[in-house]
Every structure is written in structure tokens, then in C-alpha cells.
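Work through the exercises below with the structure at hand. Each task is followed by a solution in steps.

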2 protein chains.
Amino acid sequence: MNVTRNHAETPRLPPVQVKISPTEKFREFLEAKGQRLTHERRIVVEEVYSSHEHFDSEQLINRLANRKDSNRVSRSTVYRTLSLLEEAGMLRKVARQNDRDVYEHDYGYPRHDHMICEKCGDLIEFPNDQIAELLERITREYGFRRTGHRLEVYGICRSCSRPPKSRIRKLDMI
Amino acid sequence: MNVTRNHAETPRLPPVQVKISPTEKFREFLEAKGQRLTHERRIVVEEVYSSHEHFDSEQLINRLANRKDSNRVSRSTVYRTLSLLEEAGMLRKVARQNDRDVYEHDYGYPRHDHMICEKCGDLIEFPNDQIAELLERITREYGFRRTGHRLEVYGICRSCSRPPKSRIRKLDMI
DNA sequence: CTAAGTGCAAATGTTTTGCAGAATC
DNA sequence: GATTCTGCAAAACATTTGCACTTAG
């Protein structure tokens, strides 16, 4: 199961234009709560936003704990900062794999949902405007004031359902 | 947060006609795997299917551990049986609340998804044929062979977003 | 009879927390 | 200088597992 790998067939969604950097946005959030943008928090945010890959707490902790000198951040602080980022609306949980929540950016990136391949574990993103629209219609009937959603589609991805031929090629490359 | 409460506004979906009882279906599944329908497993299935409420492992364990004499089932066995029921396609996880998976029947009941009220924690069911159809169309474009999905819609339910009137009454009662 | 299952207690793995010292504003 | 944070070690969780005993088929 690989959380971060990306499919050749999966085009990257185009980035969304944002006014301020993630770090700045986080600082604003913290300030409003009377909390501080510490050295450690800044490092976590920068690491989290250094790429758009999905990640779980363990992966992030490892990346941050193995750093040199003043750039390492402890396990507890990573957990604490992840909660803050979620509260700030900058991160969201999109799935659960291996008993861990999988996070992704919820800032500077278009809204989308995920297909999850049951064979290779890959998360494949797809834009969700049509779904959001449909949900808006449905929930209105129930008097439900919708604020968001989470959708995971299960199945088998394109490359995992290919004929054996490509599987052989993959083996050759090892 | 209440997992099991049901809204007055939420009509129960009509049951689906099934050929055999949950217990029988489970027995067939087990037999095919060369496993046994033990007394304990039978008790768990009967308890699980005694009502259509959503539940989590802790709630089920409590109900089963507090029984008299030969009808009690241990914590481990409940967990083990829940996994089997999921594998048998009779139960599915529909949400996660308080660090626990929330289960519901996936047998003898129409396919649906859930709205989750962020105020009272209620799970409200709604039929999902339109969504399934839309997903079928979308995933086909990606060459993704869809086998299922999980959708949680977040927001505020009808009764939690009612005008202050009821809130005042509530305060008066304190 | 014998393979499979149960209950218990101990282990596991993730996440949270209390606290003393450090850093921020 | 007071308040907020950090890192550590310990605690708190839900869930899984090893094992001796029991049971279904």
C-alpha cells in the first residue's frame, strides 16, 4: 500500500491562486486565538506544504524527526500542530490507511475527492464540482445545511486492472 | 454526540426483501471458508441484527458482555466476529466517531449514504442511487473499476438549525 | 477425534497528556 | 516577565495476539 505514489494516468489538478502563503495563513489563525507561530510550527507547516502528496502522521514525524540540529520537531509537537492545521481549515483527513489518518492540503488546492485502489492502495484525485452540486440539491430536501463532505470511491485502478503484460514489464524493472 | 438517535424528520428507509436470515447468510459465508458458526458468533449476529441502529464496537461489547450466563461474549470474540461480518459483506464502516469505527448493516437494507450533524452528532441516512450513478460516470473516465464508496456529508441538521425559539425554551428548562 | 474458536491477560500501535525547562511576544 | 510551547516519558486508548482450555462438526 502506497499512499504517496502517483499514477501516470492521473493528471495533477492545477493549483489554485491563493493570496497568502500557508505559513502566513497559519500565523493569522494562531494570532486570532492568541497563540504563537513558533519555530517548530513554522517547520511543520513548511514541510507539510513542500509538496502536495498525501501523508500520514508517521511519515511526517519521520521526516521531521530525522532532521539536523535546530530543525527537528518532536512527535508530540507534530501531532499538536496537525490538529491546529486541521482546525485552521488548512488540512483535512481524506482516508484512513494502516490505522492512521491520511491528510491532504485543504488550502491552495482545488476541491476534489478520491478513488482508492484496493490493490495498490493508491489515492487518485478527481474534481468534485458535480458531486458537490448534487449533494447540495439532496441535502436541501432534508433541511440539512451542508458545510462539507468526504467521499472515498473504492475499486481497482486502471493500471491494476491491466492485462498481465504490463505486470511483466513492471517485474523486469526491479 | 449520539450515534444511534434518530430524527423525527428522518424517515426510515424501507427494508429490502432478503432470501435468508443474517444468521443463515453468515453460516454460508463461514462454511465456504471452512469455519464454524459457534454459539458466540450466532449471539453476535443476532444482537447486531436485532435493530438497524448504527453502533460502534464498544457499544456492542457492552451489550454482549453484560448478558447473563451462557449468552455473554468476550471482547476479543466481538472484535473477531465484527471483522468476519465485514468480510462477509454484511456490515460496513460508515463513519468514525470518538476514535471508533461506526458500523451499519450492509444486508437486507437499501444502499444509502449519510449526513452527519456537527452539532448533535446524528447520522441521517439518504438513498444514494443518484450519487452511485454519477460516480459510475466519473470513474469510468479514469478507467477505474468501481466496487463501492463511502460518503459522509457534514453540516447542521434541520432541528439543530431551528430558530432561537426552541433554544430559549431549552435554556428555560435548565 | 481434531481443527477451529473462546476468553483471558498481556502486547501492540497510535495518539494524548503532565510536567519541567525553554521560547515567544 | 508572564504566558504559551516544547520534548520527554508515561498514560490512555482501541484493537490484536499468544496461549491453555473448550467446542463444533
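**Exercise 1: a helix of chain B**

Just after H4(B), Gly89(B) takes a positive phi of about 75°. The model is a predicted one.

Task: Compare the expected span of helix H4 (residues 75–87) of chain B with the distance between its end C-alpha atoms, and find which of its residues are buried.

Solution. Step 1: the expected span uses 1.5 Å times one less than the number of residues. Step 2: for the 13 residues of H4(B) this gives 18 Å, and the end C-alpha atoms are 19 Å apart, which agrees. Step 3: the buried residues are Thr77(B), Val78(B), Thr81(B), Leu82(B), Leu84(B) and Leu85(B). Step 4: because these residues cover an arc of only 165° around the axis, they are on the same side of H4(B). Step 5: they pack against several elements of chain B, including helix H1 (22–32) and strand S2 (91–97).

**Exercise 2: DNA strand D**

Task: Which residues come nearest to DNA strand D, and which atoms of Ser74(A) and Arg80(A) approach the strand?

Solution. Step 1: of the 20 residues around the strand, Gln35(A), Ser74(A), Ser57(B), Tyr79(B) and Arg100(B) come nearest. Step 2: sugar and phosphate make up 60% of the DNA strand D atoms that come within 4 Å of the protein. Step 3: an N or O atom in the side chain of Ser74(A) is 2.7 Å from a phosphate oxygen of DNA strand D. Step 4: for Arg80(A), a side-chain N or O atom is 2.7 Å from a base nitrogen of DNA strand D. Step 5: H4(B) gives the most to the surface near DNA strand D, with 4 residues.

Definitions and conventions: Residues numbered from 1 in each chain as written. Chains lettered and ligands numbered in written order. Predicted model: local features only at pLDDT ≥ 70, side-chain atom pairs only at ≥ 80, totals over all residues. Heavy atoms only, no water. Helix = DSSP H or I, 4+ residues; strand = E, 2+ residues; numbered from the N terminus. Buried < 20%, exposed > 50% of the residue type's maximum accessible area, 1.4 Å probe, protein only. Arc of directions from axis to C-beta. Contact = heavy atoms within 4.5 Å. Near = heavy atom within 4 Å. Polar contact = N/O pair within 3.5 Å; in protein donor to acceptor, adjacent residues only side chain to side chain.
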